[in-house]
Amino acid sequence: MPRTVLVTGGAGFVGSHTCVELLSSGHEVVILDDHSNSSPEALERVAKIAGRPIAATHVGDVRDRRTLDAVFTRHPIDAVIHFAAKKAVGESAQIPLAYYDINVGGTTALVSAMHDHGVHRLVFSSSCSVYGDTTIVPLSEESPVAPTNPYARTKLTCERILADVCRHVPELRVLALRYFNPAGAHPSGLLGEEPHGVPNNLMPYLAQIAVGRREELSVFGDDYPTPDGTGIRDYIHVVDVAEGHRVALDHIDDEPGMRVFNLGTGRGASVLELMRAFQDASGQPITYRVTDRRPGDVAELVADPSNVYNAWGWAARHDLAAMCRDAWHFQRQNLYGYAP
Ligand code: UFG
């Protein structure tokens with residue numbers, strides 16, 4: 001059923017790819033983004049790929065109640081996908097209050113506005129980092145949570161707030177999707193990951209080295225209890241993550257209340273494995289230096305993706321080579337990202 005979907009953070013990396021999916025499936029899309037880590041150009045490209053316009057774009061802060069009231073008053077929103085948040089593990093240890101303010105304060109402001117405007121469907125962008133330091137992989141949704149950094153704690157706090165609100169608002173339906181590590185880019189080469197400033201995440205950093213914008217990779221520790229000593233993550237193609245959101249919307253009315261699902265592939269790759277895969281995809285040499293561990297990092301996070309498959313028949317389709325190929329394609333076509 002086509003819906004009018006408010007996408008907060010819709011110009012960001014996962015948000016923009018999700019908007020392509022939604023538009024291509026016939027949904028109307030309204031965006032709220034403050035462009036603190038995104039570019040309006042991404043939205044031009046979303047419409048170009050989908051061959052359909054975005055219904056409306058509001059530039060503003062998700063914590064601002066007046067902005068939220070204006071959005072919900074002007075558009076017949078019947079579902080919300082909430083991406084707008086800060087997401088860098090290392091930075092979150094340096095500016096924790098900003099993380100709580102934006103991630104938790106943004107979520108409570110949004111849910112409160114949704115409630116007041118009679119909107120009861122929410123897909124929430126959560127993170128595998130809520131599982132924290134664990135020796136048991138793969139991680140199912142029933143695995144214990146033990147976040148190790150402020151970013152991860154903000155995501156877990158939001159999940160708990162949403163579960164509490166669901167207990168008191170029977171018509172509310174919330175799907176919290178715990179993504180593992182979104183990577184790659186749209187195969188068109190038009191959309192990709194272009195963080196402002198120095199990339200915090202591994203894949204965009206590798207892409208910027210390969211294209212000659214950065215010198216060498218700092219590998220944050222090679223003394224983890226993993227086969228090559230570097231951190232293992234479950235990288236998942238951003239187009240798969242985007243599709244997961246579209247499928248989530250299709251199933252949001254299946255049950256009331258709060259449900260939590262992993263979005264991952266079930267396959268892990270170490271920092272050095274990803275680096276080699278990127279070298280293969282790009283044909284560019286990548287030099288690296290091992291440095292200290294990054295505070296808040298953990299050894300290994302790999303999903304057990306079976307619950308979402310059993311519930312919705314959905315599974316990630318792309319492998320690491322496809323993620324590297326598409327990220328490289330985007331970076332090569334867009335040397336300085338969305339900058340003109
Ligand atoms: N890493 C490096 N060097 C870098 C950057 C990262 O060695 O320059 C290592 C990290 O130590 C980690 C792995 O690469 O072992 C992945 O790190 P990322 O920063 O790319 O991603 P995280 O695992 O820290 O995950 C975070 C959030 C996720 C989010 C993801 C992508 O926890 O919720 O970023 O945004 F999905």
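**View 1. Cys166 and Cys158, two buried cysteines that stay apart.** In this predicted model, Cys166 counts as buried because its relative accessibility is just 9%, under the 20% cut-off. Cys158 sits at 1% relative accessibility, so Cys158 counts as buried too. A disulfide is a covalent bond between the sulfur atoms of two cysteines. Why is there no such bond at Cys158? The closest cysteine sulfur, in Cys166, is 13 Å from that of Cys158, which is too far for a bond. Seen from the other end, Cys166 is in no disulfide either, with the sulfur of Cys158 as its nearest cysteine sulfur. Search the whole structure and you still come up with zero disulfides.

**View 2. Leu177 in the largest nonpolar core.** This core has 41 residues. Leu177 is listed with those making the most contacts inside it, together with Val7, Val29, Leu263, Trp312 and Trp314. Leaving aside residues up to four places away in sequence, Leu177 touches a run of neighbours that includes Val123, Phe124, Ser125, Ser126 and Ser127. Gly244, His245, Ala248 and Phe261 are also among the contacts of Leu177, and so are Leu263 and Trp312. Another core lies apart from the one around Leu177; it has 27 residues, among them Val62, Leu110, Cys158 and Ala176.

**View 3. Strands 1, 2 and 3 with their helical crossovers.** Strand 1 (residues 4-8) runs parallel to strand 2, and five bridges join the pair. Look for Leu6 opposite Val30 of strand 2. Helix 1 (residues 13-24) completes a right-handed β-α-β unit with these two strands. Strand 2 also pairs with strand 3 (residues 56-59), again in the parallel sense, over four bridges. Here Asp33 stands opposite Val59. Going from strand 2 to strand 3, the chain passes through helix 2 (residues 40-50), and this β-α-β crossover is right-handed. How many of the six residues of strand 2 (residues 28-33) are buried? Five are, leaving the strand mostly covered.

**View 4. Helix 9 and what covers it.** Helix 9 (residues 271-282) has twelve residues and spans 16 Å from first C-alpha to last, close to the expected 16 Å. Its buried residues are Val271, Leu272, Leu274, Met275, Ala277, Phe278 and Ser282. Which elements cover them? The cover includes helix 7 (202-210) and helix 11 (320-333), along with strand 8 (217-220), strand 10 (235-237), strand 12 (269-270) and strand 13 (288-291). Just past the end of helix 9, Gly283 adopts a positive phi of about 70°.

Note on methods. Residues are numbered from 1 along each chain as its sequence is written. This is a predicted model: local features need pLDDT of at least 70, side-chain atom pairs count only at pLDDT 80 or more; totals for chains, interfaces and linings use all residues. Side-chain values use heavy atoms; hydrogens and water are left out. A nonpolar core is a set of buried Ala, Val, Leu, Ile, Met, Phe, Trp, Tyr and Cys residues joined through side-chain atoms within 4.5 Å. Buried means under 20% relative accessible area, exposed over 50%, partly exposed in between (1.4 Å probe, protein chains only). Contact means heavy atoms within 4.5 Å. A disulfide is a pair of cysteine sulfur atoms within 2.5 Å. Two strands pair if DSSP finds at least two bridges between them. A crossover is right-handed if, with the strands pointing away from the viewer, the path from the first strand over the helix to the second runs clockwise. The expected span of a helix is 1.5 Å times one less than its number of residues.
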